[in-house]
Amino acid sequence: DAYSHISGTVTLTSITDTVSNVTAVNTNANISIASAAVTVTDAASFANADAINGFTNQKVTLQSVEDEYANIQLIKDINTAEVDMEAAAIKVTDSVDKTKVDDLRTDTTGNITLTSITEDRADLATIAGFTDVSLSTANITVSDDVSKAQADTINAYNVSGTVTLTSITDSFTNVAAAQGTAGIAMTA
């Protein structure tokens, strides 16, 4: 822009940058990205993707998406020729279940990070086995009855989240031990 600041417009055919920088370039009256292919390098929400799609008549490629499940589906509903998230890393900011996780896995070939999930122990074990889905920071609510050993297995799926048990059946000693285990909550 500084090269032609006296008169004229800088027309970009391609731009790769963060959501805020792409937005800033778009608001610069001396620069046009109306026909630029856009690659967004940081986490974009549906609102970001929708806005950036309006900046250009070319494809917007998202490298990372972070939003609620429903909004991620709204991004996916945009024609891939306009907004492409097929290889994006996805972070889901609200609670999901296995059905939604399975759907997200068809939305992208990138990795999926969950922040909250409510599911039974069998489906949690299946999800923990997916190499493209991370439960390491998720708050997990176990929807069915578990023993202390099963609760410990689920607790090992995450590093910083909390495992909330809705039902536990075990000996008094094991129930007391589960209550005292870091990362396991039995208030429900």
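Contact here means heavy atoms within 4.5 Å. With that in hand, the predicted model can be read outward from L114, a residue of strand β8, which spans residues 112–119. Setting aside neighbours within four places in sequence, L114 touches V92, V96, V101, I127, V133, S134, L135, T137 and A138. L114 also turns up, along with L62, V92 and I117, among the residues with the most contacts inside the largest nonpolar core, a set of 45 residues. As a rule, nonpolar side chains in soluble globular proteins tend to be buried together.

The strand around L114 has several partners. On one count, β8 pairs with β7 (residues 89–96) in the parallel sense, over 5 bridges, and V96 has I117 as its bridge partner in β8. Getting from β7 to β8 takes the chain through helix α4 (residues 98–107), and the resulting β-α-β unit is right-handed. Two of the L114 contacts, V92 and V96, fall within the β7 range of 89–96, while V101, another contact, falls within α4.

Next comes β9, a short run at residues 133–134 that pairs with β8 in the parallel sense over 2 bridges. Here T113 sits opposite S134. The link from β8 to β9 goes by way of helix α5 (residues 121–128), again as a right-handed β-α-β crossover. V133 and S134 of β9 are both on the L114 contact list, and so is I127, a residue within α5.

Then there is β10 (residues 139–142), also parallel to β8, with 4 bridges between them. In this pairing, S116 is matched with N139 of β10.

Terms used
Residues numbered from 1 in each chain as written. Predicted model: local features only at pLDDT ≥ 70, side-chain atom pairs only at ≥ 80, totals over all residues. Heavy atoms only, no water. Core = buried A, V, L, I, M, F, W, Y, C linked by side-chain atoms within 4.5 Å. Buried < 20%, exposed > 50% of the residue type's maximum accessible area, 1.4 Å probe, protein only. Pairing = 2+ DSSP bridges. Right-handed = clockwise from strand over helix to strand, strands pointing away.
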